[in-house]
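Q: I am new to protein models and would like to learn how to read a helix, a strand residue, and the empty spaces inside a fold. Could we go through them one at a time?

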Amino acid sequence: MTTTDRSLALHTLRHGHGLPVLLVHGFPFDHRMWLDVAAALPNGATVLAVDLPGAGQSPHGAEHASIEAAADGVVAAARAAGVERAVVVGMSMGGYVALAAAERHPEFTVALGLVDTKSTADTDEARANRLRIADAVTSSATVDAVLGMPGALLGATSKVARPALTARLEEWIRSQRPDGVAWAQRAMAARPDRTEVLARFAGPVTVVVGEEDTLTPVEAAEHMVAAARGTSLVLVQSAGHMSAVEEPAAVANALGDLWATAKG
Ligand code: MLT
């Protein structure tokens with residue numbers, strides 16, 4: 001079932017019971033990047049996955065692009081579907097959104113799963129690059145500027161052993177809208193460092209990272225683990241930045257343990 005109206009599209013990937021798991025995708029994708037993880041999560045869990053503003057089936061983002069607006073939209077969509085608390089899991093950009101949800105909606109965010117992401121802000125160089133990409137997709141009205149991303153997203157092992165994944169990621173990227181891609185880049189460029197949010201967060205946290213992730217590498221994961229209390233670090237072998245797609249069973253296993261801890 002998918003709930004849309006004017007709010008963000010929220011997809012129910014599994015009907016279960018107890019505390020729901022809410023999955024937030026990375027850039028430049030939509031909820032489909034979570035399908036294999038969702039299928040491998042514990043049978044009992046209700047699993048929801050959202051499309052961020054301008055991605056997948058969700059409407060345009062607010063005029064002012066921000067990760068805060070994305071987080072508010074995710075929580076509002078969940079509440080509209082009757083979900084008042086959740087284990088919030090974010091991959092990369094989704095992790096930035098999950099940290100903003102923890103900061104702005106702590107009563108909603110009872111546990112955090114941070115997958116191939118980081119808590120720090122962009123460097124000036126990275127920020128300038130994002131704004132350049134946002135301008136390029138807007139002026140060309142295509143997503144061409146991000147079509148080459150799978151080469152950087154997949155780990156070295158996947159590029160050799162899982163050749164079909166490159167085509168899968170490209171297909172997902174091609175289906176995105178240029179305005180949504182530009183919005184996401186501007187939102188990410190404007191985000192602050194949220195390491196302190198982790199230090200204050202009261203619930204359980206699991207940090208997951210592909211050992212071959214070169215975009216948000218193991219050191220970025222260790223930085224988050226050092227900041228938070230009661231954090232588990234899970235290294236996923238033979239996977240890069242897209243560990244949720246490259247090794248979904250291992251990622252689901254880590255998130256299933258987090259869910260079991262959070263639901264008590
Ligand atoms: C993502 O996977 O969501 C992006 O690599 C995040 C980013 O560009 O910082």
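**Reading a helix, a strand and the spaces between**

A: Let us begin with a helix in this predicted model: in helix α10, which covers residues 218-227, the buried residues are V218, A220, A221 and M224. Seen down the axis of α10, these buried residues fall within an arc of 160°, so they line one face of the helix.

Q: Which residues of α10 are exposed on the other side?

A: A residue is called exposed when its relative accessible area is over 50%. On the other side of α10, E219 and A226 are exposed.

Q: What do the buried residues of α10 pack against?

A: To read packing, one looks for heavy atoms within 4.5 Å of each other. The buried residues of α10 pack against strands β6 (109-115), β7 and β8 (231-236), and also against helix α9 (195-200).

Q: Could we now take a residue in a strand, and is V209 buried or exposed?

A: Buried means a relative accessible area under 20%. V209, which is found in strand β7 (residues 205-210), has a relative accessibility of 1% and therefore counts as buried.

Q: Which residues does V209 touch, if we leave out those up to four places away in sequence?

A: Contacts of this kind show which parts of the chain meet in the fold. V209 touches D116, T216, P217, V218, A221, L233, V234, L235 and V236, and among these V218 and A221 belong to the buried residues of α10. L235 is 26 residues from V209 along the chain, yet the C-alpha atoms of the two are separated by 5.2 Å.

Q: What does the UniProt record say about residues 20-248?

A: A record annotation may be inferred rather than shown by experiment. The unreviewed UniProt entry gives residues 20-248 the annotation "domain: AB hydrolase-1"; in the model this span is 45% helix and 16% strand, and its end C-alpha atoms lie 19 Å apart.

Q: How many cavities of 30 Å³ or more are there?

A: A cavity is a space where a probe fits but cannot get out. There are 2 cavities of 30 Å³ or more, and the largest holds about 90 Å³ of space. Of the 15 residues that line this largest cavity, the closest to its centre are F27, F29, A55, G180 and A184. Helix α8 (residues 178-189) gives the most to that lining, with 4 residues, and by class the lining has 10 nonpolar, 4 polar and 1 charged residues.

Q: Which residues line the second largest cavity?

A: The second largest cavity, with a volume of about 40 Å³, is lined by Y96, L99, K118, S119, T120, R191, P192 and R194. These residues divide into 3 nonpolar, 2 polar and 3 charged.

Q: How much space lies in the largest pocket, and which residues lie nearest its centre?

A: A pocket, in contrast to a cavity, is an open set of points. The largest pocket holds about 510 Å³ of space, and of the 23 residues in its lining, F27, R130, M149, Q185 and L215 lie nearest its centre. Helices α3 (93-104), α4 (124-140), α5 (150-153) and α8 each supply at least two lining residues, with the largest share, 4 residues, coming from α4. By class, the lining of the largest pocket has 13 nonpolar, 7 polar and 3 charged residues.

Notes: Residues are numbered from 1 along each chain as its sequence is written. This is a predicted model: local features need pLDDT of at least 70, side-chain atom pairs count only at pLDDT 80 or more; totals for chains, interfaces and linings use all residues. Side-chain values use heavy atoms; hydrogens and water are left out. Buried means under 20% relative accessible area, exposed over 50%, partly exposed in between (1.4 Å probe, protein chains only). The arc is that of the directions from the helix axis to the C-beta atoms. On a 1 Å grid over the protein atoms alone, a cavity is a set of points where a 1.4 Å probe fits but cannot get out, and a pocket is an open set with protein on both sides within 12 Å along at least five of seven lines; lining residues have an atom within 4 Å of a point. Grid points are joined across faces, edges and corners, and a volume is the space filled by probe spheres set on the points. Ala, Val, Leu, Ile, Met, Phe, Trp, Tyr, Cys and Pro count as nonpolar, Asp, Glu, Lys and Arg as charged, and the others, Gly among them, as polar.
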